[in-house]
Amino acid sequence: MEEEKIKAIQTEFVYLPCINICTELLNNYWAVIRIADNGAGINDDVRAKIFDPFFTTKEVGRGTGLGLSISYQIVVNKHRGKLECYSTPGEGSEFVIQIPVRQNNTRSVDSE
């Protein structure tokens with residue numbers, strides 16, 4: 001019911017920025033964390049580069065970005081997980097982090 005009220009407010013009166021965080025256990029092998037927003041979204045050209053080292057959309061000298069390259073290295077290389085971004089310009093973005101529950105697990109989400 002509360003979600004319906006928020007949607008009504010967002011569509012009829014004002015725009016309310018929103019971040020949703022969801023966690024789940026997938027097939028007893030993977031912990032999944034989803035972080036989604038209803039912001040401006042990311043176009044495909046930028047989304048293709050967001051995990052690249054030193055990539056930023058900021059002007060020179062205005063910061064270094066979100067640290068997504070380091071996040072990717074930690075999730076994928078150190079924890080043998082997955083880090084993905086899905087986005088639709090004008091609708092928002094979702095980052096999905098998948099980490100194996102046990103590090104000796106060699107199964108992948110794709111094989112489930």
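**Exercise 1. Find the residues that Ser69 contacts beyond its neighbours within four places in sequence, then decide whether Ser69 is buried or exposed.**

*Solution.* Start with the contacts: leaving aside neighbours within four places in sequence, Ser69 is in contact with Ile50, Phe51, Asp52 and Pro53. Keep in mind as you look that this is a predicted model. Next, place the residue: Ser69 sits in helix 3. Finally, turn to accessibility. The cut-off for buried is under 20% relative accessible area. Ser69 has 12% relative accessibility, so this serine counts as buried.

**Exercise 2. List the members of the largest nonpolar core and say which elements give two or more residues to it.**

*Solution.* Let's collect the residues to begin with. The largest nonpolar core has nine residues: Ile42, Ile50, Phe51, Leu68, Val75, Leu83, Cys85, Phe95 and Ile97. Now map them onto the elements: helix 3 (68-78), strand 3 (82-88) and strand 4 (92-100) each give two or more residues to this core. Two of the core members, Ile50 and Phe51, also appeared among the contacts of Ser69. For background, nonpolar side chains tend to be buried together in soluble globular proteins.

**Exercise 3. Work out which residues Cys85 touches, not counting residues up to four places away in sequence.**

*Solution.* With those sequence neighbours left out, Cys85 touches Ile42, Arg47, Ile50, Phe51, Glu94 and Phe95. Compare this with the core: Cys85 is itself a member, and so are Ile42, Ile50, Phe51 and Phe95.

**Exercise 4. Describe the sheet: its strand order, its pairing and its edges.**

*Solution.* Read the order across the sheet: four strands form an open, antiparallel sheet in the order 1-2-4-3. Then find the edges, where a strand pairs on one side only; these are strand 1 (19-26) and strand 3. On average, neighbouring strands are turned by 15° against each other, ignoring direction. Zoom in on one pair: seven bridges join strand 3 to strand 4. Within strand 4, Val96 is the residue that Glu84 stands opposite. To finish, add the helix: helix 3 lies across strand 3 and strand 4, at about 135° to strand 3.

**Exercise 5. Summarise the whole chain, from its elements to its surface.**

*Solution.* Count the elements: the protein chain has three helices and four strands. From the N terminus, they run α-β-β-α-α-β-β. Now for burial: of the 112 residues, 20% are buried. Among contacts with a separation of 6 or more, 52% involve residues 24 or more positions apart. Last comes the accessible surface, about 8400 Å², with 55% belonging to carbon and sulfur atoms.

How values were computed:
Residues numbered from 1 in each chain as written. Predicted model: local features only at pLDDT ≥ 70, side-chain atom pairs only at ≥ 80, totals over all residues. Heavy atoms only, no water. Core = buried A, V, L, I, M, F, W, Y, C linked by side-chain atoms within 4.5 Å. Buried < 20%, exposed > 50% of the residue type's maximum accessible area, 1.4 Å probe, protein only. Contact = heavy atoms within 4.5 Å. Pairing = 2+ DSSP bridges. Axes fitted to C-alpha atoms, helices over the stretch in contact; angles between N-to-C directions. Areas by Shrake-Rupley, 256 points an atom, 1.4 Å probe, with all protein chains shown as cover.
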